[in-house]
Amino acid sequence: MTYPLQFAAGALINTAGSGNDFVGGTNGYGNVQFNGLPSLSNGYIVDGLETNDPLTNLNSGLSTNLVLGLNSISEVTVNTLSYAVDQGRYGASQVNYVTKSGANSFHGNLYELWNGSKFNAADFFTNSTPGNHKPRSTVNHFGGSVGGPIKRNKLFFFFDSEWVRIALPIVNATTVPTQAFQNYVLQQLPLGGVDSITGSTYRAAPQLVPFYKKLFSLYGNTSGAPLPVLGCPFNSDGTSAAGNPPDGNGCANRQSVAHSSDDREQVQTGRIDYNIDPGNTVWLRFQSDTGLQAAWTDPINSLFDAISPQPLYSFASGYTHVFSGRLVNYFNPAFSWYSSLFGPADFQKTLAAFPIVLEGSGANAPFTTLGGLDNTWVQGRRATRVFVNDNLAWTLGAHELRFGTNSRIFRLNDYDFGEGTVPLVTYTDLPQFIHGVASTASETFPLANSQPYNFLNLDFYAQDTWKATGALTWTFGIRDTYNSNPLNPHDAIARLPGSFDSISHDVDQPLDDLIRTHLGNVFAATPLAILQPRTALAWQVAPHTVIRGGFGLFSDTLPGSVADLVGVNPPYSKTFLGGLLGTAGGSAVAPGVPNSAVDATAAANQLFNSGFAQGELSCASPLANPGACLPPISITAMPDGRLHAPYFMQWSFGLEHQIGNAMNVRAQYVGTRAVNQPYETQVNGYQTVCHGCFAPFPYGQPADPRFGAVTQLNTGANSHYNGLQLTADKRLGHGLQVQTNYTWSRCMDTVSNGGFLPFSAGGIVSPLPGNLARQYGPCDYDVRQNLTAQYTYQLPVRVRNRMAGYAVNGWQISGTLFRHTGLPFSVLSAPYTASGNGILQGGGPQYASVVPGLPLYAHQAIPGLTQPGTIQWLNPNAFVSTVDPATGACAGGDTAQDCQFGNLGRNALRGPDFIWSDLYLTKWFRLAEHVKLRIDGQFFNVFNHPNFALPVAGYAGIPGKPSTQTAFGALTSTTSPPTGLLGVGLGGDSSPRMIAFQARLEF
């Protein structure tokens, strides 16, 4: 359903990640974005019913993320530079879909679209990995529609049924422990030892042997290409590894795994239209959309796969009353309910197999995460939405007046509070994995896995379109928005009395005196009115030439996920961090063993539960009772006072000229500026390296030791966009129709995509505290040159012979083209890990530095660094990490001068260009007077051009130390447009050429 947007002027499709990832993983969020504005700022409206996902503001795709129902759509309009105030509540664009109606004659269709593995090319990296094979793939999309009269000229019906079945091809690059390494670990656990990278000493842990045996039993095939890893003491040939620390290739193998998952979805749509009399018409539409999504297909073990049943039921209606030829009212109520919950089919069986998620963090922690996404399940939402739209149009002389309202009542049952109840355990280097040591262990303890929230969005607008002269039209209007303060009817919200900086940091103040509980609203206050004036002029300066210009203010509805921010605050939800870098203590990776980091978080939770209500002091207080004091607790802080509403300013000036009867060209300048955009920072972080190291983090202890990680919501990010957009449209004539858009633009910001969700793989939406200005750089969607085109050509073949003409006449070629320059990305330093020290409770980008005078890019394989089956993109010697991955300490020494974040800016590098083309061959056969058969051959990525995802994995190394640079700056996965046969974000590999066949009977 987002496909029509991709060919609007200023549109950029999202190709900023791997097509093989779970939605919300490294693929980023949003299918398309416009004019430097967030991809979360597009409104998708079907018959007046907003279909955006209420949690994220993205287009809601349900189980296959294909957004079925196109067979029921009769009309699509895309408004990206509309300054009309009746165009919804989203700043970047509004897409309006109108469903088909019945008529006085029966009409409809039946269709079947099929794609199979034999008609698909293999993924680039599948071909480049010896012994690999492409996965099974099948797409079966079928359905039909029928419409006609119930009572001629009065009452009509329309019904559409669509079904899709997908065997989803998935290709994942994984790193797994070799059999020799598994045996080595089981031998070392009872012995303990010294971390060859950081110098830390780890105690013997024979109690972890059963846990590691279960862990290793979850792996299947562990063969692959040997991968050098710092801390690995031996090579794949059995010899001892050289170096200090050793850099052997006998511990890890790199694989490319091909497998499939099954998705299904079915949509039923029914519509009734009734012409009551000349002054009154009414229509009703019902839709049922059900299916089962393969939400996560794990590359290690199918035990960790997850599914998501996603039913949606909706109703929309419209009533038009004509008071007179000059006065018309349109009333449009709508309703929808849907559920989208994610998790394994048998979660208890999954947890019995492996009770945690074990994840490597850093350049020396090589293995693919074990446990899948279990630490994020169960997540999702159930949402009920009621919409009431009313529009009054009044023509008064040269004025066309419009008055109206858009109302949305929204009830969200948010299941994201169950995230984190499965412990997430991390290790930062290979020796920590060998000795079963947890760098961190995080676990969440919520009051309930879900909470309800109520929202009200109310908009009023008034507009005048004044035909000042025969050649000049002036449109001006104002929109007033009220977005209610999200309400929890259980009063299960807790928050600080103000921002983190504004509160007292007296450690002798009990937390129950500081944290306000039993609150109903998310924010202290929200704006009563968000005014959005807009104006536009259209001046016909010549018979075929029009000048257009406009300016407007826009403001988005905040995503429903804003409720997650304070909904997870203590005492209603608590998150504790154990492990070497945690405050809860413990060091063993497994639960239920002595000195377990996971068990330490559970103990911290019990202490907090018993002490908070009793007014016990924090353990940070010297007056506290050591046996009953409260351990540090994580919390989210809101801004002081009233929430500042995010605004977008947009202005444009363009020249449009018609050439002949079929050609239209347009050149326009578009500028946008976003202000008050939300973003988050970790404001209670600190570091344990040295005085003055890693500014802005303090040394030794956090600003408020009563708390663990503190996330502060802020509303001060901004963006600037300037673009020249050229468009040429040729309407159908002489068998040819073409539309093409070219955009030359520049976009700069401090945080992209609205601050809540990243647009690109590796997108940075959380700056260092107090360092927002340093984040100013290219937007995640800063593409300097962007070309899109679509065309249709009726082949000029006219064979007079009836039989031959039946076969060769009437063929049509159509297709699309996307080409844009590379997307930006950042390069980071390795995290500090030496001797158990580092940055604690603090997030934000830790940039690498650039070595002056060296080229940043190197597109030839580098012996010993470029891994088999990958493509080198960056020059490893042009970047230097603040922290030496070989030691985990600062490269120049642990001094305030050397332990600072690098000089490389955000999004300073560029990925590969993107080139994509689809081709369609179509022919119609007339079977009877009113019956036609259409057949299609659809060729996606017809030239099988490999498009590579951003090289975001890994950290910079140290020039002159090749062991710290292995695999840095390499391209390891492909990417594709976010629309196609395999849906969006399901993990399906749709990057190679795919060929589908369609037969459609139309009557």
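Which cysteine does a disulfide join to Cys747? I looked this up at the start, keeping in mind that the model is a predicted one, and I found that the partner is Cys779, with an S to S distance of 2.0 Å.

**Entry 1: the link of Cys747 and Cys779**

I reminded myself that a disulfide is a covalent bond between the sulfur atoms of two cysteines. I then looked up the torsion about the S-S bond of Cys747 and Cys779, which is about -75 degrees, so I noted this disulfide as left-handed. Cys747 lies in strand β35 (residues 736–749), whereas Cys779 lies in the loop between β36 (777–778) and β37 (785–794), so the pair ties together parts that are 32 residues apart in sequence. I also checked how well these two cysteines are covered, and both Cys747 and Cys779 are buried.

**Entry 2: the other disulfides**

I searched the whole structure and found five disulfides. When I numbered the bonded cysteines in sequence order, the pairing came out as 1-2, 3-4, 5-6, 7-8, 9-10.

One of the five joins Cys232 and Cys251, whose sulfur atoms are 2.0 Å apart. The torsion about their S-S bond is about 90 degrees, so this disulfide is right-handed. Both Cys232 and Cys251 lie in the loop between β12 (225–227) and β13 (252–277), so the pair ties together parts that are 19 residues apart in sequence. Cys232 has 0% relative accessibility and therefore counts as buried, and Cys251, also at 0%, counts as buried for that reason too.

I next looked at Cys619 and Cys629, which a disulfide joins with an S to S distance of 2.0 Å. Their link is right-handed, with 90 degrees about the S-S bond. Both cysteines lie in the loop between α8 (597–612) and β30 (633–637), so this pair ties together parts that are 10 residues apart in sequence. Are Cys619 and Cys629 buried or exposed? I found that Cys619 is partly exposed, because its relative accessible area is 37%, while Cys629, at 6% relative accessibility, counts as buried.

**Entry 3: helix α8**

I turned to α8, which comes before the loop that holds Cys619 and Cys629. I wanted to check its span: at 1.5 Å a residue, its 16 residues should cover 22 Å, and the end C-alpha atoms are 22 Å apart, so the two values agree.

I then listed buried residues of α8, among them Ala597, Val598, Ala604, Phe608 and Phe612. The buried residues of α8 cover an arc of only 160 degrees around the axis, which means that they are on the same side of α8. I asked myself what covers the buried residues of α8. The answer includes β21 (424–429), β22 (440–446), α6 (511–514), β26 (516–519), β29 (573–578) and β30.

At the N-terminal end of α8 I found a cap, Ser596, which has a side-chain oxygen 3.2 Å from the backbone nitrogen of Val598.

**Entry 4: the nonpolar cores**

Which residues touch the most other members of the largest nonpolar core? I noted Val827, Leu874 and Phe879, in a core of 45 residues. The elements that give two or more residues to this core are β1 (11–13), β2 (32–34), β3 (42–46), β6 (93–99) and β32 (663–682). I followed Leu874 further, leaving out residues up to four places away in sequence, and its contacts include Phe825, Val827, Leu856, Phe879 and Phe968.

I also found a second, separate core of 41 residues, which includes Tyr212, Cys251, Phe367 and Val593. Cys251 was already in my notes, as it forms a disulfide with Cys232.

Definitions and conventions. Residues are numbered from 1 along each chain as its sequence is written. This is a predicted model: local features need pLDDT of at least 70, side-chain atom pairs count only at pLDDT 80 or more; totals for chains, interfaces and linings use all residues. Side-chain values use heavy atoms; hydrogens and water are left out. A disulfide is a pair of cysteine sulfur atoms within 2.5 Å. Helices (H or I, at least four residues) and strands (E, at least two) are DSSP runs, numbered from the N terminus. Buried means under 20% relative accessible area, exposed over 50%, partly exposed in between (1.4 Å probe, protein chains only). The expected span of a helix is 1.5 Å times one less than its number of residues. The arc is that of the directions from the helix axis to the C-beta atoms. Contact means heavy atoms within 4.5 Å. A polar contact is a pair of N or O atoms within 3.5 Å; within protein, one must be able to donate a hydrogen and the other to accept it, and residues adjacent in sequence count only if both atoms are side-chain atoms. A nonpolar core is a set of buried Ala, Val, Leu, Ile, Met, Phe, Trp, Tyr and Cys residues joined through side-chain atoms within 4.5 Å.
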